[in-house]
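The following questions and answers examine a structure through its fold, its sheet and selected residues. Please keep the sequence and the model in view while reading.

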Amino acid sequence: MSDQMVEIRWHARGGQGAKTAAIFVAEAVLDKGKFGQGFPEYGPERRGAPVRGYTRISDIPIRRHCSIENPDVVIILDPTLIQSTAAAVTVGTRPETIFLVNTTENPAEIRKRLRVNGNPVHTVDATGIALDSFGKSIPNMPMIGALLKVVELMTIEELQNSLAARFKEKFSQAVIDGNLTAVARAHEELMSE
Amino acid sequence: MSLKTAHEIAEAGIITEAGNAEEYKTGDWRTFVPQFVEENCIHCMFCWIWCPDSAIEIDTSGEKPLVTGIVLDHCKGCGICAHECPPAKKGKSALVMVREEK
């Protein structure tokens with residue numbers, strides 16, 4: 001991780017909200033006066049297809065616009081993608097690349113499945129938290145809550161304010177409240193190794 | 001399905017064998033998975049009719065067809081079977097959706 005720029009790569013399935021999350025994080029840091037860039041990369045455009053999202057966050061203007069080949073953080077929203085050769089979650093990672101996985105398993109087990117040595121691995125049951133909080137299997141917002149524990153981009157309150165402001169026109173208050181609690185819970189329940 | 005050489009494949013890659021969708025394993029990701037509770041099943045075949053992915057396994061060797069289980073290679077975890085199950089309306093569902101641990 002360079003001092004100035006953080007590059008995050010999201011791996012998910014269509015419908016889990018990786019694209020929304022990738023752009024959301026980039027937009028949320030704009031409020032703090034940082035520079036952010038978020039964009040998705042799709043294969044087949046259907047629910048369940050493996051998708052990638054990219055987020056760049058920097059203290060200085062970002063001149064790089066390519067997809068992220070050597071991420072500082074890899075976020076996996078669907079653990080079945082670990083085995084997928086098409087998703088290739090570990091490609092281009094460095095020994096210090098942080099892995100953040102949505103799973104019910106513990107970090108040690110996920111490290112084995114990822115076949116990485118030494119990399120920090122963090123897990124959280126974001127799908128379970130999403131189902132409890134707002135009844136839908138969309139783990140993107142709890143994953144952002146967990147991400148903030150791993151990388152200090154902003155405080156959890158700043159994220160919640162940003163979330164409430166940006167979701168206001170699109171979702172009902174009940175959905176927003178559910179997401180706000182989900183974000184806080186994922187931040188608390190993150191398991192690290 | 002064994003691999004074929006180029007001259008064994010029909011023109012324009014047309015698939016001539018019937019029923020080859022069964023060979024194509026698609027159910028490798030889902031949030032919920034149905035669990036078959038045999039003692040509650042009345043073998044009405046509603047789940048078999050409703051299932052969009054032919055994931056309900058049945059035994060047709062007897063006089064009446066019997067539900068025997070779920071083919072997880074095809075199940076997407078949509079939950080239609082559990083929703084349509086008539087015993088479920090009496091609170092004793094033969095198909096219960098549970099969170100899949102992974």
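**Helix H1 and its surroundings**

Q: In this predicted model, how far apart are the end C-alpha atoms of helix H1 (residues 18-30) of chain A, against the span expected at 1.5 Å a residue?
A: Helix H1 of chain A has 13 residues, so at 1.5 Å a residue it should span 18 Å. The computed distance between its end C-alpha atoms agrees with this expectation: 19 Å.

Q: Which parts of chain A cover the buried residues of H1(A)?
A: The buried residues of H1(A) are Ala18(A), Lys19(A), Ala21(A), Ala22(A), Phe24(A), Val25(A), Ala26(A), Ala28(A) and Val29(A). Their cover includes two helices and three strands of chain A, namely H4 (140-150), H5 (156-167), E1 (5-13), E2 (35-42) and E3 (50-58).

**The fold of chain A**

Q: What radius of gyration does chain A have, and how does that value relate to the globule rule?
A: Chain A contains six helices and seven strands, arranged along the sequence as β-α-β-β-β-β-α-β-α-α-α-α-β. For 193 residues the globule rule gives 16 Å, and the value for chain A is close to it, so the chain is as compact as a globular protein of that length. The radius of gyration is 15 Å.

Q: What percentage of the residues of chain A is buried?
A: The C-alpha atoms of chain A fill a box of roughly 40 × 40 × 35 Å along the principal axes. Among contacts between residues at least 6 apart in sequence, 64% join residues at least 24 apart. Of the 193 residues in chain A, the buried share is 48%.

**The sheet**

Q: Which strands of chain A are the edge strands of the sheet?
A: The seven strands form an open sheet with mixed pairing, in the order E2-E3-E1-E4-E5-E6-E7 of chain A. An edge strand here pairs on one side only, and this applies to E2 and E7 (191-192) of chain A.

Q: What angle does the direction of H1(A) make with that of E2(A)?
A: H1(A) packs on the sheet and touches E1, E2 and E3 of chain A. Its direction and that of E2(A) make an angle of about 170°.

Q: What angle does the direction of helix H2 (residues 107-114) of chain A make with that of E6(A)?
A: H2 of chain A also packs on the sheet, where it touches E5, E6 and E7 of chain A. The angle between the directions of this helix and E6(A) is about 120°.

Q: Which residue of E5(A) stands opposite Val73(A)?
A: In strand E4 (residues 73-76) of chain A, Val73(A) and Ile75(A) point one way, Val74(A) and Ile76(A) the other, and all are buried. E4(A) pairs in the parallel sense with E1(A) over four bridges, where Val73(A) is the bridge partner of Ile8(A). E4(A) also pairs in the parallel sense with strand E5 (residues 98-102) of chain A, over four bridges. In E5(A), the residue opposite Val73(A) is Ile98(A).

**Chain B**

Q: Is Val71(B) buried, partly exposed or exposed?
A: Val71(B) lies in the loop between strand E3 (66-70) and helix H2 (80-84) of chain B. Beyond its neighbours within four places in sequence, it is in contact with Ala55(B) and Glu57(B). Because it has 16 C-beta neighbours inside 10 Å, Val71(B) counts as partly exposed.

Q: How many charged residues are on the side of chain B that touches chain A?
A: The contact takes ten residues from chain A and six residues from chain B. By class, the side of chain B has one nonpolar residue and one polar residue, and its charged residues number four.

Methods: Residues numbered from 1 in each chain as written. Chains lettered and ligands numbered in written order. Predicted model: local features only at pLDDT ≥ 70, side-chain atom pairs only at ≥ 80, totals over all residues. Contact = placed C-beta atoms within 7 Å. Nonpolar A, V, L, I, M, F, W, Y, C, P; charged D, E, K, R; others polar. Rg over C-alpha atoms; globule rule 2.2 N^0.38 Å. Buried ≥ 20, exposed ≤ 12 C-beta atoms within 10 Å, placed from the backbone. Expected span 1.5 Å × (residues − 1). Pairing = 2+ DSSP bridges. Axes fitted to C-alpha atoms, helices over the stretch in contact; angles between N-to-C directions.
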